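User: I have a model open and would like to talk it through with you. Can we start with the overall picture and then go to single residues?

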Amino acid sequence: MLLSTLSRRFRDTFTPRTRIGARTWLQLTALEDRSVPAILTWTGAGGNTLWTNVNNWEDETLANVAPVAGDRLIFPTGVSGLTNNDYPAGFTLNDIQIQGAGYTLTGNTLVLTTGLADSVASGTTEIALSISGAGGISKTGAGDLVLIAGNTLTGTVTIDAGTLTITATESLADTVAVTVNTGASLILDGADETIGSLTGGGTVSLGTSTLTAGDGSDTTFSGTLTGSGNLIKTGTGTFTLSGTNSSYTGTVAVDAGTLSVSAGTNLGTGALTLGGSATLQVTGATSIGNAVTLNGAATVDNATAVTLSGAITGAGGLTKTGAGQLTLSGTNTYLGGTTVSAGGLVVANDDALGSGALTLGGGTLIFDADRTVANAITLNAAVSTIVVPPATTVTLSGVISETGGARGINKFDGGALTLSGANTFTGPVALNGGTLTLAGGAAVADTVAVTVAGGATLALGATETIGSLAGSGAVSLGAFDLTTGGNNGSTTLSGAVSGTGTLFKNGTGTFTLTGTNTHTNTTVLNGTLSVATDANLGTGQIVLGPGTTFQITGTTDIDNTIVIGGGGSATIDNALAVEFSGGLSGPGGLTKTGAGELTLSNNSSYSGAIVVSAGTLLIDDNFSSAVQVAGGAVLGGTGDLLAVSVAGGGTLAPGGTPGRLDLTGDLTLDPGAILAAEVVENTPGAPSDPNDRVNVTGAVTLTGATLTVTTGFTPTAGNSYILINNDGADAVVGTFVGLPEGATFFADGVGFTISYVGNDGNDVVITTLPPVASIDSVTTAEGNEGTHVVTFTVTLSEPSSQTVTIDYATADGTAVAGSDYVAASGTLTFAPGETSKTIAVVVNGDTQAEANETFTVVLSGALNATLGAATGTGTITNDDSAAKSTVVSVSTGGGTAGTVRLVDPVTGAPGQEVVAFAGFGGEIRVASGDVDGDGRADTVTGAGAGAAGGHVKVFASDGTLIRSFLAFDGFTGGVFVSTGDVNGDGFDDIVVSADAGSAPHVKVFSGKDGALLQSFLAYDAGFRGGVRVSVADVDGDGFDDIVTGNGAGAVGHVKVFSGKDGSVLQSFLAYDAFTGGVYVAAGDLDGDGRADIVTGAGAGAAPHVKVFSGRTGAQQQSFLAYGAQFTGGVRVGVGVIDGRTYVLTGAGPGAGPHVKGFVDGVQELSLLAGSPSFSGGVYVG
């Protein structure tokens, strides 16, 4: 049997030897049969307390075995007393388990790899030897485990029950994590201890000892601290105390990391010490009354409201972080200063901030009551907020500075805040409520922008300079001066300014005042002061420095005294009407800009130079200034000035409504300058010349200037008006443009002459001219018969004191004396004072449709008057309608209904479309005549091939259908139509002819009642090519005759049948052997009183048109209506347009809907009767 030395140990020496043969083969030493590590239980039966005595131990087999390295030792119940480790120092065991009370372990140092476990239910166990190693301590029994010697075990210490008492310093390793669970206790009995961390819910009794805990981990101890000893937090981690430690009176020191509590009771009642990198984190709303010592730059981090009411001392400083409010209410003496990085810091004691500086890094500084804080303050955020509650007064007397750039202050709530230090911060100050008083004269830097919100007040406790001022709040100057604007920005203050001090405006920007102000004085040192009304300026004088601008944006009267300082000029800029009634003084100059009117009305001693650059300046009192008027500007008024010079484009408009301007010096009007004068009527008791006038003591120069005169009345001829009263004997230099001595000009319809040597020999005087006579123009309707009178009115522009005579005579235009009107001439006589006469002209009426006509009445030979509009035009408007008109038809040929249009007999323009046969897309043949006897042309339509029964319709001039009938019942080949008074009854009758497919049948229907008057065959009964017809009085017997032309299939044969008796009047061939048919029309083209015959070649030939004399039958005209290459046929008609008789043509199929009009063979009319894309042919009639 082989025994492994890894699992067995030698116990005794085994001496016998076993031999194999003659030789010793194996010699064995006796072995101890046991496991390693073995579990050995202390029996104490060895007669002494030594661990090396085998009889003091038993293993699991109850054999007596002495411990060896790595064993596990058990000290059971029922055995107690002293045990002595007599093994050499550093003897290593796996672990020790103490199960019974009353043991005391002494001896040499042990090493435990797993640890020490105490499960003793009651009683005390003492560990009087030193233990090291990686093991920990587990305390699970309710008894008391006492550590008497120093230990360096590095494992965790867990106290689940009972008490672990430390009586020797450093009984635990400095890095040990200690857990004291609920119901268990850790007691320091006169010994200081350092551990790595502390956690659990049990009790830690410090007595008078010091417990140092903390490493880089975050732990929470929710149990109870007792005693008066110190608790020191070290390490970078967060140590949370959450238990109620009201009986703990020791000092809690945070040397590093974070100590977190939720209530003041977590800290006990002793002092709190915060080291240089320490943080006190408060997670609940609470009040902490502990005294606090700051040994470095400590931090208090709170998310809710926290009060530190204990005294804070030490050389360190305090940084406030977290969103909550931190209230410091103690009398604090710490030296290191206070920093607010977040949340709010409430100052509840005048000494709450210690003696160090206060740094505002983004949080809010809050005051609870009246406070005076002398600490220096550093602003380290763009804007820091200070809250002063209502009925509270706070003074910050320390110096407020800044770091990291320009930093500003926002002041909130209704209390009063006073800044009295010599402050150097440069950021903006926003006053959002209550009052901010600037005291000491340097409360803000000179460049600081101050904004005062509505309801807030900026007050002065000393004279102060700021960068800018804006807002809707109030400004109280008191007896002090405030200078604003030095940062060159433009701002508006709409709040009220009060006090006896002076408001100074500095910088290049614009400072706008819009409030109702009561302060005493305002001085503009630089830039622009802008107001809208007088109320914006307070009660005192306005001082304007050189180069400054006083801008007035509203209409107002400023009663403040305006003082212009020396060394330059100030500018007055007004866009609306402004009056300075408070007076003007000072040695500086004044420049007027802006489009508005500025009136200087107060008697003033002002003598500075005045420049009018824009708008209007009215001088209405006595001034000793010289005035320059720039181009586009105006100088007026009724006051006194030294001298006036007006540049080109500028205007001198003396007076008001009107008045006189007096100059003690020269008057110079440069070339292009304007003298504008108003002339009014003399009234009883008024000056002899109440017009606008300039009285000049010095020289008068007018070369190249312009004179404008306006009149408010109708002056009597011969009246004189002095415009420039030039003193002494010096002559006027130059003349107005275009007005030499004695020249004539007109103003408002009144004529004047001008003199530069008038009155006493050297004045500018204008004198009214005789009246101007003008005739009006009239328009009248022509009338259908007889005569009527039209009246022309001749008017004088003003009454004259002399008798005025004017000759007149009519003259032809398009209207001709004798036929259209009766010529007239004569002389009009105006008695003195009369201004209107009339001229009567007789107009002749007729019924002919024609264009409007004109004639004129011309004035001449005026005596004691001049002629203005000397020609009056009389217009005679046409009021006649034609009994016949031109009609044009357009057929689609594609199933869509064709259209018919009348052509205006005066203008030739196509009129309204009429759909004659809805749904019928074939050709429509047309004619016009007064069928119903109303004096207006009606439209007669005949349906082409495809319509049943030879359908004929008659439409009134407004498009209303008045007749519809079938001319050839059962026939569908289409019909041609024409009109004329065949029977002489005063009604145009309707002539209808059958188209191709029927015998050459012609019928005449009564226009009066529709009865059939005639029916005959125009050609041989066997001819089936169709008949085309026209109607007119060819033989001059007063009855319209019927003209026919055959359709295709025979030589173009034209016949004329008497309307009176049906006999053949003429018969001839129009186109020799051409058999394509002929279209016919008739009308008096040569003016001989008889209708002439017009023919048009049918399809297949060139578009040849001929005219034959109705009287002799001779050919009179022959021409091609369209291009020679067009062979679609040419339809013809005769129409009267604007009094002229035209041959009308319509292109047949293959061309656009082109209609033309010819006079003596010359084309004078051309129009498209439909869409240019239509090529189905058109008919005219």
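Analyst: What follows goes from the whole chain to its domains and then to a few residues.

Analyst: Please keep in mind that this is a predicted model, in which local features need pLDDT of at least 70 and side-chain atom pairs count only at pLDDT 80 or more, while totals for chains, interfaces and linings use all residues. Residues are numbered from 1 along each chain as its sequence is written, and side-chain values use heavy atoms, with hydrogens and water left out.

User: How many helices and strands are there in the protein chain?

Analyst: The protein chain has 0 helices and 123 strands, where helices (H or I, at least four residues) and strands (E, at least two) are DSSP runs numbered from the N terminus.

User: And what is the radius of gyration of the protein chain?

Analyst: The radius of gyration is 64 Å, well over the 32 Å that the globule rule gives for 1181 residues, so the protein chain is more spread out than a compact globule. The radius is taken over C-alpha atoms, and the rule is 2.2 Å times the number of residues to the power 0.38. Along the principal axes, the C-alpha atoms fill a box of roughly 185 × 120 × 55 Å.

User: What share of the residues count as buried?

Analyst: Of the 1181 residues, 51% count as buried, with buried meaning under 20% relative accessible area, exposed over 50% and partly exposed in between (1.4 Å probe, protein chains only).

User: Switching to domains, which ones is the chain divided into?

Analyst: The division gives domain 1 (625-763), domain 2 (772-877) and domain 3 (888-1180), with bounds that come from an automatic or database domain assignment. The C-alpha centres of domain 1 and domain 2 lie 40 Å apart, and 6 residues of domain 1 are in contact with 5 residues of domain 2, contact meaning heavy atoms within 4.5 Å.

User: Now F752, where is it found, and is it buried or exposed?

Analyst: F752 is found in strand β88 (residues 750-758) and is buried, with a relative accessible area of 0%. Leaving aside neighbours within four places in sequence, F752 is in contact with residues including V709, Y721, F745, I766 and L769. By contrast, F752 and G1161, which are 409 residues apart in sequence, are 61 Å apart in space, C-alpha to C-alpha.

User: What about T125, which strand is that in?

Analyst: T125 lies in strand β12 (residues 124-127), and T125 counts as buried because its relative accessibility is 0%. Beyond the neighbours within four places in sequence, its contacts include I98, Y103, V120 and L145.

User: V120 again; how far is it from T140 in space?

Analyst: T140 and V120 are 7.5 Å apart, C-alpha to C-alpha, and 20 residues apart in sequence. T140 has its place in the loop between β14 (136-139) and β15 (144-147) and counts as partly exposed, at 40% relative accessibility. Outside the neighbours within four places in sequence, T140 is in contact with D118, S119, D160 and A161.

User: Last topic: what is phi at L62 and E170?

Analyst: L62 has a positive phi of about 70 degrees although it is not a glycine, and phi of E170 is near 60 degrees, also a positive value in a residue other than glycine. Most residues other than glycine have a negative phi. L62 sits in the loop between β6 (57-58) and β7 (72-75) and counts as exposed at 59% relative accessibility, whereas E170, in the loop between β17 (163-166) and β18 (177-180), is partly exposed, with a relative accessible area of 32%.
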